[in-house]
2 protein chains.
Amino acid sequence: MDITEVAKVSGFPASTLRFYEEKGLIQSTGRVGLRRLFNSDVLERLALIGLGRGAGFSLDEISEMFTPEGPEINRALLLAKADELDRKIKELTAMRNGLRHAAVCNAPNHFECPKFLRLLRVAGKNRFRQPSKLKENKFK
Amino acid sequence: MDITEVAKVSGFPASTLRFYEEKGLIQSTGRVGLRRLFNSDVLERLALIGLGRGAGFSLDEISEMFTPEGPEINRALLLAKADELDRKIKELTAMRNGLRHAAVCNAPNHFECPKFLRLLRVAGKNRFRQPSKLKENKFK
DNA sequence: ATAAAAGTTCAAGTCAACTTGAAGTCAAGT
DNA sequence: ACTTGACTTCAAGTTGACTTGAACTTTTAT
């Protein structure tokens, strides 16, 4: 397939496909002249990338999941990501419930509505920091 | 409370709190000299902001949810956001299942494992584009 | 009274993830 | 042979969400 077909089917613009290839997230299988050729299995990969991005993983994290760095490392990594997703699913569920309630609640301000606050508080467990921004500069 | 206490309790750095105040997402209740004073209810608000950010909403979207623009507009908006979350929850669940399977699967490449692919494909429904990047420039 | 600590403003810098623009290369149809 | 349009590279620009730095003002401790 050529790049425009992949773009059409996957929903990613061609510029993004080139960008992803440069980053090593996808591969083209060859060229016709200058033009890239893609094997159709790139579509699965792109779908997974889209899913991962939607789940809040960075491109770097996603490529880590793709490439098994060691025999055991990767297995543990995948399970850790799965647990991360479980936590996030809980949060999203709490927020969704909060929104649904807020939409039918006639309290003047949601922050004064005990039910709304209770719905949100469920999510507050096991949450200390923003997930994406940890930098781990313990050692200067 | 002063800004460092809010920072400590909420987990957001002081710089972020100032930034959020400037953006109108939170308010300080007064000053002592130059220094901001916060009412403790800002903590609820911050928790909700954190939840919203984690769910992938932009700061602009979050502030829209806070401020009732009209009598009915807001209600519909909240329900729409809740539906968006429902879709995302489905995706995350599919991805989580995919990861858990991948961690125990001994196929050489996950893209060749039919179970993995099937798990992911569940999520592919009702997904055309990335949620965050729509720009709607239909009219040039 | 004085110096350090903590807070302030405002402009500029950073980072990830793309997108856009300019200039060039090909491949195909007429 | 030639034009057109799809594709290419590479550098630079954009956006959202913050962070950092420099210069300044209080508050608090000694």
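**Two protein chains and two DNA strands**

The residues of the surface near DNA strand C fall into three classes, with 6 nonpolar, 5 polar and 7 charged, where Ala, Val, Leu, Ile, Met, Phe, Trp, Tyr, Cys and Pro count as nonpolar, Asp, Glu, Lys and Arg as charged, and the others, Gly among them, as polar. This is a predicted model, in which local features need pLDDT of at least 70 and side-chain atom pairs count only at pLDDT 80 or more, while totals for chains, interfaces and linings use all residues. Residues are numbered from 1 along each chain as its sequence is written, chains are lettered from A and ligands numbered from 1 in the order in which they are written, and side-chain values use heavy atoms, with hydrogens and water left out.

To stay with DNA strand C, 18 residues surround this strand, and the closest are Thr16(A), Tyr20(A), Thr4(B), Arg35(B) and Arg36(B); a residue is near a strand if one of its heavy atoms lies within 4 Å of it. Of the strand C atoms within 4 Å of the protein, 83% belong to sugar or phosphate, and the rest to bases. A polar side-chain atom of Thr16(A) lies 2.4 Å from a phosphate oxygen of strand C, and the side chain of Thr4(B) has an N or O atom 2.3 Å from a phosphate oxygen of that strand; a polar contact is a pair of N or O atoms within 3.5 Å, and within protein one must be able to donate a hydrogen and the other to accept it, with residues adjacent in sequence counting only if both atoms are side-chain atoms. Helix H2 (14–23) of chain A, together with helix H1 (3–10) and strand E2 (35–37) of chain B, each supply at least two residues of this surface, and H2(A) gives the most, with 4 residues. Helices (H or I, at least four residues) and strands (E, at least two) are DSSP runs, numbered from the N terminus.

Turning to DNA strand D, we find 19 residues around it, of which Asp2(A), Thr4(A), Arg36(A), Thr16(B) and Tyr20(B) come nearest. Sugar and phosphate make up 80% of the atoms of strand D that come within 4 Å of the protein. Thr4(A) has a polar side-chain atom 2.4 Å from a phosphate oxygen of strand D, whereas a polar side-chain atom of Arg35(B) lies 3.0 Å from a base oxygen of strand D.

How are the two protein chains related to each other? Chain B can be laid on chain A with an RMSD of 0.0 Å by a turn of 180° and a shift of 0.0 Å along the axis, where copies are superposed by least squares on the C-alpha atoms of residues with pLDDT of at least 70 in both. The two copies are thus related as by a two-fold rotation axis. Among the residues of chain B, Ile89(B) comes closest to that axis, at 3.0 Å (C-alpha).

The contact between the chains (heavy atoms within 4.5 Å) takes 45 residues from chain B and 45 residues from chain A. About 4,000 Å² is buried between them, of which carbon and sulfur atoms give 69%; buried area is the accessible area (1.4 Å probe) that two parts lose on being put together, summed over both. The chains are also joined by 6 salt bridges, each a side-chain nitrogen of Lys or Arg within 4 Å of a carboxyl oxygen of Asp or Glu. One of these salt bridges links the side chains of Asp86(A) and Arg96(B) (2.7 Å, N to O). H5(B) gives the most to the side of chain B that touches chain A, with 20 residues.
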